[in-house]
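Colleague: I should like to go through this model with you. Could you take my questions one at a time?
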Amino acid sequence: MPTRRHFLISFVTTPIVLPELGHAAALPAELPLTASCHEDGEPTPVQTEGPYFTPDSPEKQDFAFDAPGGEKLTLAGYVLTRECQPVAKALIELWHADESGIYDNVGYKLRGHQFSDTQGKWWFETIVPGIYPGRTRHYHIKVQRPGGKVLTTQLYFAGELGNQRDRLFDDSLLLDVWATSDGKFGRYDFIIA
């Protein structure tokens, strides 16, 4: 069984698929785009930031260090325009509960941001969040292109019992998740205006 590192290396080293634009490169079958982008397409749905957002998070990719007991997950994707153009230097901010469903509201554990690369790629090494009371399992995300509006949304896991009773759940925000020999690999591509 491949590792999270295998999926990440494949993701990082393979150019994005942009068939509508005539690009010849393709992602491996194991890493398909998670959202469709096309002219006049819909951007990623907006969701509430929730009560636990903390501004001025540190720039970091390794959240797993903050929760060594959690199930490891590499979270990755692209930031794209509606026309499937990659967005370089987009700000991606992530925060979520620990493996017990508790948010750090004093410091910056399981909180941070980074910027997409020239191909619009981004990734975090983190954990599978625990279930916060009254919610299903989820990540909080903010995405902003340079000089653009902030997209605030959440990402969810398929097959969670809490999905049906969580009033905020939106199946268009489901991560594609693969099991690996050392945790999980999750993928979501943001389409921004």
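Colleague: What pattern does the protein chain follow along the sequence?
Modeller: Read along the sequence, the pattern is α-β-β-β-β-β-β-β-β-β, which comes to one helix and nine strands. Helices (H or I, at least four residues) and strands (E, at least two) are DSSP runs, numbered from the N terminus.

Colleague: Where does the model come from, and how are residues numbered?
Modeller: This is a predicted model, in which local features need pLDDT of at least 70, side-chain atom pairs count only at pLDDT 80 or more, and totals for chains, interfaces and linings use all residues. Residues are numbered from 1 along each chain as its sequence is written, and side-chain values use heavy atoms, with hydrogens and water left out.

Colleague: How much of the protein chain counts as buried?
Modeller: Of its 193 residues, 48% count as buried. Buried means under 20% relative accessible area, exposed over 50%, and partly exposed in between (1.4 Å probe, protein chains only).

Colleague: What share of the contacts joins residues 24 or more positions apart?
Modeller: Such pairs account for 72% of the contacts with a separation of 6 or more. A contact means heavy atoms within 4.5 Å.

Colleague: Let us turn to T126. Where is T126 placed?
Modeller: T126 is in strand β4 (residues 121-127), and it is buried, with a relative accessible area of 0%. Residues up to four places away in sequence aside, T126 touches F63, A64, E71, K72, L73, L75, H96, L110 and Y139.

Colleague: Which side chain makes a polar contact with that of T126?
Modeller: The partner is H96, at 2.6 Å. A polar contact is a pair of N or O atoms within 3.5 Å; within protein, one must be able to donate a hydrogen and the other to accept it, and residues adjacent in sequence count only if both atoms are side-chain atoms.

Colleague: L110 was in that list. What is notable about its phi?
Modeller: L110 has a positive phi of about 60° although it is not a glycine. Most residues other than glycine have a negative phi. L110 is in the loop between β2 and β3 (111-115).

Colleague: K89 also has a positive phi of about 60°. Is K89 buried or exposed?
Modeller: K89 is exposed, with a relative accessible area of 62%, whereas L110 is buried at 3%. K89 lies in the loop between β1 and β2.

Colleague: And E93, which strand holds it?
Modeller: E93 lies in strand β2 (residues 91-95) and is buried, with a relative accessible area of 9%. Its side chain is joined to that of S57 by a polar contact of 2.9 Å.

Colleague: How far apart are E93 and I141 in sequence and in space?
Modeller: They are 48 residues apart in sequence, and 5.5 Å apart in space, C-alpha to C-alpha. I141 is also among the residues in contact with E93, including H140 and K142.

Colleague: A change of topic: which residues line the largest pocket?
Modeller: The lining consists of P43, T44, V46, K149, V150, L151, I191, I192 and A193. Elements giving two or more residues to this lining are β6 (150-156) and β9 (190-192).

Colleague: T44 is in that lining. Where along the chain is T44 placed?
Modeller: T44 is in the loop between α1 (4-13) and β1 (72-81). At 6% relative accessibility, T44 counts as buried. Its contacts include L151 and I191, which also line the largest pocket.

How values were computed
On a 1 Å grid over the protein atoms alone, a cavity is a set of points where a 1.4 Å probe fits but cannot get out, and a pocket is an open set with protein on both sides within 12 Å along at least five of seven lines; lining residues have an atom within 4 Å of a point.
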